[in-house]
Amino acid sequence: MAEKTKKKKLSANKSKTLILLSMALPGAIWFLLLRYLPMAGVILAFKDYKVYTKAPSFWNNMMHSKWVGLDNFKFLFSTPDSWRYVKNTIGYNVLWILLGLVVSVAFAIILNEITQKFVAKAYQTMMFFPYFLSWVVASYFVLAFLDPTRGLLTHWMSAHGMTPIQWYSEPKYWPYILTICNIWKNTGYSTILYLAAITGIDASQYEAASIDGATKWQQIRYVTLPHLRTMICILLIMNVGRIFNSDFGLFYTVPLNSGSLYSATQVIDTYVYRVMTATNNIGMSTAAGLLQNVVGFICIISVNKIVQKIDEDSSLF
């Protein structure tokens, strides 16, 4: 009798395991086909990719292309503007990580304090909506304000007796414009994550703090923020992993690919794209992508180690 019961439990566990595996199978196939198999193409970063005319398939092209070692990596740092676009990439990312953290946490706390559910949901929807817009659509919103002839800001400045600014020819304004665009588009997503963490806090802790005479600000400081520490650390680690990458759509489409703005809008991704379209050198673009990912991996490991030493429970792994 005991053996039959044991067999039934084993069969039940097997069926549950098969069901769970079948649920995970689509995601596993997706990762295998689109993430792991393409890793073989990393070898292009070390080759001068040419078309093999006898049998021009991808694998034949790759196998018969000349091995050039690290030559494809040199173009990233061989131009006078190398320091500028590397500085732009890292500088924008550091600024946006810090600013996005402060703004997202602040909005999450504010939304959590709204007592009327309909109003809170409406604000969440309005903040989250820009995240789903492409940068092509967003660029037209920006153009509606900054167009040198028909833009809203141009008309407003003219109406108030000011000389309109040629926004798409003046690089000094674009660090601010790009920062506003990035915060506008991405804050809603981060805010929802922090808001979800806040709603998971036990309400009795706020009640206890209130009974002890804590003000609203003290409740936020001593109850809300400590509970958000793990979420903040995890998102910070993941964002630092992309510090050598940049949002191509933001830097390419929003400034309308204006050459006069390159000093403020040129980043690694746009530089690599422009070099690839000019030279048609796939090896160089692959090398740039590989370097970005390696640097990102090193950053994630390093920051995770730092967080692990400070607070092991807040580390990513």
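Biologist: Let's start with two helices near the end of the chain numbering you showed me: at roughly what angle do the axes of helix α13 and helix α14 cross?

Modeller: Keep in mind that we're looking at a predicted model. Helix α13 covers residues 268–279 and helix α14 covers residues 282–310. Their axes come within 9 Å, and the crossing angle is roughly 165°.

Biologist: Are α13 and α14 roughly parallel or roughly antiparallel to each other?

Modeller: The axes cross at roughly 165°. Angles over 145 degrees count as roughly antiparallel. The two helices, α13 and α14, are therefore roughly antiparallel.

Biologist: Is the crossing of α13 and α14 left-handed or right-handed, and which residues of α14 make the contact?

Modeller: The α13–α14 crossing is left-handed. On the α13 side, the contact comes from Ile268, Asp269, Val272, Val275 and Met276. On the α14 side, the contact residues are Met284, Ser285, Ala288 and Gln292.

Biologist: Asparagine 280 has a positive phi although it is not a glycine, so where is asparagine 280 found, and is it buried or exposed?

Modeller: Asparagine 280 has a phi of about 60°. This residue is found in the loop between α13 and α14. Over 50% relative accessible area counts as exposed, and at 62% asparagine 280 is therefore exposed.

Biologist: Leucine 256 has a positive phi too, so in which loop does it lie, and how does its accessibility count?

Modeller: Leucine 256 isn't a glycine either, and its phi is about 60°. It lies in the loop between α11 and α12 (262–265). Its relative accessibility is 43%, which falls between the 20% and 50% cut-offs, so leucine 256 counts as partly exposed.

Biologist: Okay, on to the inside: which residues touch the most other members of the largest nonpolar core?

Modeller: The largest nonpolar core has 20 residues. Helices α4 (82–113), α6 (135–146), α8 (174–199) and α11 (248–253) each supply at least two of them. The residues touching the most other members are Trp174 and Leu250.

Biologist: Leaving aside its neighbours within four places in sequence, what is tryptophan 174 in contact with?

Modeller: Let's go along the chain, skipping those sequence neighbours. Tryptophan 174 is in contact with Tyr92, Leu146, Trp167 and Tyr168. The rest of its contacts are Val254, Pro255, Leu261, Ala264 and Thr265.

Biologist: How many residues are in the second, separate core?

Modeller: Among its members are Leu111, Met127, Tyr206 and Ile220. In total, this second core holds 16 residues.

Biologist: How far apart in space are isoleucine 220 and tyrosine 206, C-alpha to C-alpha?

Modeller: Isoleucine 220 sits in helix α10 (residues 216–240) and counts as buried at 11% relative accessibility. Apart from neighbours within four places in sequence, it is in contact with Ile109, Leu225 and Pro226. Isoleucine 220 and tyrosine 206 are 14 residues apart in sequence, and their C-alpha separation in space is 9.1 Å.

Biologist: What about α4 and α8: at roughly what angle do their axes cross?

Modeller: The axes of α4 and α8 come within 7 Å. The crossing is right-handed, and the helices are oblique to each other. Their axes cross at roughly 45°.

Biologist: Which residues is serine 104 in contact with, leaving aside its neighbours within four places in sequence?

Modeller: Serine 104 lies in helix α4. It is buried, with a relative accessible area of 1%. Its contacts beyond those sequence neighbours are Thr187, Ser190, Thr191 and Tyr194.

Biologist: And how far apart are tyrosine 85 and glutamine 116 in space, C-alpha to C-alpha?

Modeller: Tyrosine 85 is another residue lying in helix α4, buried at 1% relative accessible area. Its contacts beyond four places in sequence include Phe75, Phe77 and Tyr271. Tyrosine 85 and glutamine 116 are 31 residues apart in sequence, and in space they are separated by 46 Å.

Biologist: Last one: why is there no bond between the sulfur of cysteine 299 and the closest cysteine sulfur?

Modeller: Cysteine 299 is buried, with a relative accessible area of 19%, and its closest cysteine sulfur is in cysteine 233. A disulfide needs the two sulfur atoms within 2.5 Å. The model has 0 disulfides by this rule, and for cysteine 299 the bond is ruled out because the distance to that closest sulfur is 16 Å.

Terms used. Residues numbered from 1 in each chain as written. Predicted model: local features only at pLDDT ≥ 70, side-chain atom pairs only at ≥ 80, totals over all residues. Heavy atoms only, no water. Core = buried A, V, L, I, M, F, W, Y, C linked by side-chain atoms within 4.5 Å. Buried < 20%, exposed > 50% of the residue type's maximum accessible area, 1.4 Å probe, protein only. Helix = DSSP H or I, 4+ residues; strand = E, 2+ residues; numbered from the N terminus. Contact = heavy atoms within 4.5 Å. Axes fitted to C-alpha atoms, helices over the stretch in contact; angles between N-to-C directions. Parallel < 35°, antiparallel > 145°, perpendicular 65-115°, else oblique. Left-handed = near helix turned anticlockwise from the far one by under 90°.
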